[in-house]
Amino acid sequence: MSDELRVKDGMVVSLEYVLRLDDGEIIDASEGDVLEYLHGYGQIIPGLEKALVGLAVGDSKKVTVPASEAYGEVDMEAFEIVPRSMFPDDLELEEGLELSLRDVETDEPFDATIAEIRETEVMLDFNHPLAGETLHFEVTIPAIRLATEEELAHGHAHGADDHHH
Ligand code: ZN
């Protein structure tokens, strides 16, 4: 079938997926909430986007994505030691806790994970929580459609119930 829709740039692809780490732990899944993305616009991680090219509706595939094509390797520069007194007293600090912080100078929000708690200091990790991880996806493609002009202009897919932006 030559007119069969296949995953390529400019297509809006629906994706059902299960995401596991090396140890088999499931860390994310679409669970009936199908993900729609515009292919070729960097809306999903590069290693997965590349692996889906050419798939048709109904296809399933197992895709292993190395950290370098997912959320990157762990950047050893992306750690910072801050005084424990920087945090409110009523915040229970715990290693592995993910924090949403705001830059005091620029007021930009950013995320960090507590890497280590010391007596008077806390080491923050600014890497993505999945940095350094090899990702194992099981994907199924329930639908593919041509993107609208508007979606192409915006560089992302618009869901049926999306407000325009
Ligand atoms: Zn838009």
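1. Glu31, with a relative accessibility of 73%, is exposed. The residue sits in the loop that links β2 (26–29) to β3 (35–38). Its phi is positive, at about 45°, although Glu31 is not a glycine. Most residues other than glycine have a negative phi. The model discussed here is a predicted one, and the backbone angle of Glu31 should be taken as a computed value of that model.

2. Asp33 belongs to that loop as well, between β2 and β3. Asp33 is exposed because its relative accessible area of 62% is over the 50% cut-off. From Asp33 to Leu48 there are 15 residues along the chain, and their C-alpha atoms are separated by 18 Å. Leu48 is one of the residues with the most contacts inside the largest nonpolar core.

3. On confidence, the protein chain has a mean pLDDT of 92, and 95% of its residues reach 70 or more. Confidence is highest in β4, at 98, and lowest in β6, at a mean of 88. Where pLDDT is low, the predicted coordinates should not be read in detail.

4. The protein chain is split into two parts: domain 1 covers 11–71 + 132–157, and domain 2 covers 76–125. Between the C-alpha centres of domain 1 and domain 2 there are 31 Å.

5. Which residues have the most contacts inside the largest nonpolar core? They are Val7, Leu48, Leu52, Val65, Leu135 and Phe137, in a core of 23 residues. The elements that contribute two or more residues to this core are β1 (11–20), α1 (46–52), β4 (60–65) and β9 (135–146). Apart from this core lies another, of nine residues, which includes Val82, Leu93, Ile114 and Leu124.

6. Val65 can serve as an example from the core of 23 residues. Leaving aside neighbours within four places in sequence, Val65 is in contact with Ile45, Gly47, Leu48 and Ala70, and also with Glu133, Thr134, Leu135 and Phe137. Of these partners, Leu48, Leu135 and Phe137 are themselves listed among the residues with the most contacts inside the core.

7. Asp59 lies in the loop between α1 and β4. Is this residue buried or partly exposed? Asp59 is partly exposed, because its relative accessible area is 27%, which falls between the 20% and 50% cut-offs. A polar atom of the Asp59 side chain lies 2.8 Å from the backbone nitrogen of Ala56. Leaving aside neighbours within four places in sequence, Asp59 is in contact with Arg6, Val139, Thr140 and Ile141.

8. Asp107 is another residue with a positive phi that is not a glycine, the value being near 65°. Asp107 is placed in the loop between β6 (98–102) and β7 (109–117). With a relative accessible area of 46%, Asp107 is partly exposed. Asp59 and Asp107 are 48 residues apart in sequence, and the distance between them in space is 45 Å, C-alpha to C-alpha.

9. The loop that holds Asp107 is the turn of a hairpin: β6 and β7 have six residues between them. These two strands run antiparallel and are joined by five bridges. Arg102 stands opposite Pro109 in β7. A reader who looks at this hairpin should keep in mind that β6 has the lowest confidence in the protein chain, at a mean of 88.

10. β7 also forms a hairpin with β8, with three residues between the two strands. β7 and β8 pair in the antiparallel sense over four bridges. In this pairing, Ile114 stands opposite Leu124 in β8, and Ile117 stands opposite Val122 in β8. Ile114 and Leu124 are both among the members of the core of nine residues.

11. β8 also pairs with β5 (residues 79–83), again in the antiparallel sense and over five bridges. Phe79 stands opposite Asp125 in β8. Why is β8 described as largely enclosed by the rest of the structure? Four of the five residues of β8 (residues 121–125) are buried, so the strand is largely enclosed.

Terms used. Residues are numbered from 1 along each chain as its sequence is written. This is a predicted model: local features need pLDDT of at least 70, side-chain atom pairs count only at pLDDT 80 or more; totals for chains, interfaces and linings use all residues. Side-chain values use heavy atoms; hydrogens and water are left out. A nonpolar core is a set of buried Ala, Val, Leu, Ile, Met, Phe, Trp, Tyr and Cys residues joined through side-chain atoms within 4.5 Å. Buried means under 20% relative accessible area, exposed over 50%, partly exposed in between (1.4 Å probe, protein chains only). Contact means heavy atoms within 4.5 Å. pLDDT is the predictor's confidence in each residue, from 0 to 100. Domain bounds come from an automatic or database domain assignment. A polar contact is a pair of N or O atoms within 3.5 Å; within protein, one must be able to donate a hydrogen and the other to accept it, and residues adjacent in sequence count only if both atoms are side-chain atoms. Two strands pair if DSSP finds at least two bridges between them.
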